[in-house]
Amino acid sequence: MSFFRRLFGGQDASQSPSGTQAYFSKEWNFGLTLPSDWETLDQPESNLGWTRLLRVAGPRVARERAYLSVNISAVLEDDKNLQKYMDKVESDLRRAFPDFKPDTRQERTLLGQPLAWMTYSYRLEGGQRKEVNATMFLGRKEMILLQFVGETEAERWTEDLRRFESVIESLKFGGIGVLRYPNLTFHGVPACELCDTSTPDGKYESVLILQVNRLAPVCRGCCARLTAA
Ligand SMILES: [Zn+2]
């Protein structure tokens, strides 16, 4: 599905094609189209600088279910080096899983932004697992990494990878294409970047506006206006 169709037309999030369900996070202002037999598990948690926004599980058809997590992290970075990022992920995984085997490494795009796409396998007590790690690089300098991690049993990989891929590609930001970042509040900014008004408490919401691809400090009023569907 093209970027333009997703942002400016095509399927509305509330009108799901059959066999799918729409997910939308008001807090972060993003949505996904999930398979209808997947279950949303409410497990927000923070780990190693990442905040988990969502975890969904596939139906119980094998020993272990398929899981897909969506994680987010804000980092300061001067260059978006997807290869360096994938090197780091690989070496972390190699340390965590002795049977780690890399499979594919690609540079893709999602909503027009760079996406690091990796697949690999490792062994757990329950058997061989395969995983996709797709990380989207948003913004400049003050960057947001939006990461999807999908894991399943090796035997179910081909089928589940197709589902993971379709969920990842269904990503859209609400409003005019704005991702909210409620965990990050701007201080010491002279004024709201959009309406040029100063807030009484000097605090500003942070939003990433896809069209300019930058994290911007905005007042509460502008934030509400930008993210209104
Ligand atoms: Zn404003």
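**Figure 1. Surroundings of Tyr23 in strand 1 of the predicted model.** Beyond the neighbours within four places in sequence, Tyr23 has contacts with Gly31, Leu32, Leu34 and Thr40. Tyr23 belongs to strand 1. The residue is partly exposed, because 19 C-beta neighbours lie inside 10 Å of Tyr23 and a buried residue would need 20 or more. The view also takes in Leu54, which is 31 residues from Tyr23 in sequence; the C-alpha atoms of Tyr23 and Leu54 are 9.9 Å apart.

**Figure 2. The open sheet with strand order 1-2-11.** Three strands make up this sheet, and their pairing is antiparallel. Strand 1 (20–25) and strand 11 (172–173) are the edge strands; each has a single partner strand, so one side of each has no neighbour in the sheet. Two bridges connect strand 2 (residues 30–35) with strand 11, and this pair is antiparallel. Gly31 lies opposite Lys172 of strand 11. Gly31 is also one of the residues in contact with Tyr23, a residue of strand 1.

**Figure 3. Pairing of strand 6 with strand 5 and strand 10.** Strand 5 (residues 50–57) runs antiparallel to strand 6 (residues 67–77), and six bridges link the two. Within this pair, Arg52 is opposite Asn71 of strand 6. Strand 6 is also joined to strand 10 (residues 141–153), again in the antiparallel sense, by 11 bridges. Here Val70 faces Phe148 of strand 10 as its opposite residue. As background to the view, side chains in a regular strand alternate between the two faces of the sheet.

**Figure 4. Leu111, a residue other than glycine with positive phi.** The phi angle of Leu111 is near 50°. Leu111 sits in the loop that connects strand 7 (101–110) and strand 8 (113–124). Leu111 counts as partly exposed because 19 other C-beta atoms are within 10 Å, while the cut-off for a buried residue is 20 or more.

**Figure 5. Lys141, a residue other than glycine with positive phi.** Phi is near 60° at Lys141. Lys141 is placed in strand 10, the strand that pairs with strand 6 in Figure 3. Which exposure class does Lys141 fall into? Lys141 counts as exposed, because it has 11 C-beta neighbours inside 10 Å and the class covers residues with 12 or fewer.

**Figure 6. The open sheet with strand order 12-13-14.** The three strands of this sheet pair in the antiparallel sense. Strand 12 (178–186) and strand 14 (214–218) form the edges, and each of them pairs on one side only. On average, and with direction ignored, neighbouring strands of the sheet are turned by 30° against each other. Strand 13 (residues 204–209) runs antiparallel to strand 14, to which five bridges join it. Leu208 is opposite Leu215 of strand 14.

**Figure 7. The buried residues of helix 4.** Helix 4 spans residues 220–227, and Cys223, Leu226 and Thr227 are buried in this helix. Because these residues cover an arc of only 85° around the axis, they lie on the same side of helix 4. An α-helix has 3.6 residues a turn, so residues three or four places apart point the same way. Strand 12, strand 13 and strand 14 are among the elements that cover the buried residues of helix 4; these strands make up the sheet in Figure 6.

**Figure 8. Val218 and the largest nonpolar core.** This core contains 47 residues. The residues with the most contacts inside it are Ile144, Val178, Leu179, Val207, Leu208 and Val218. Both domain 1 (3–173) and domain 2 (178–227) contribute at least three residues to the core. With neighbours within four places in sequence left aside, the contacts of Val218 are Cys192, Glu193, Leu194, Tyr204, Glu205, Val207, Cys223 and Leu226. Of these contact residues, Cys223 and Leu226 are buried residues of helix 4. In soluble globular proteins, nonpolar side chains tend to be buried together.

**Figure 9. Overview of the protein chain.** The chain contains four helices and 14 strands. Buried residues make up 31% of its 229 residues. For contacts between residues at least 6 apart in sequence, 51% join residues at least 24 apart.

Notes:
Residues are numbered from 1 along each chain as its sequence is written. This is a predicted model: local features need pLDDT of at least 70, side-chain atom pairs count only at pLDDT 80 or more; totals for chains, interfaces and linings use all residues. Two strands pair if DSSP finds at least two bridges between them. Axes are lines fitted to C-alpha atoms, for helices over the stretch in contact, and angles run from 0 to 180 degrees between N-to-C directions. Two residues are in contact if their C-beta atoms, placed from the backbone, lie within 7 Å. The arc is that of the directions from the helix axis to the C-beta atoms. A nonpolar core is a set of buried Ala, Val, Leu, Ile, Met, Phe, Trp, Tyr and Cys residues joined through C-beta atoms within 7 Å. Domain bounds come from an automatic or database domain assignment.
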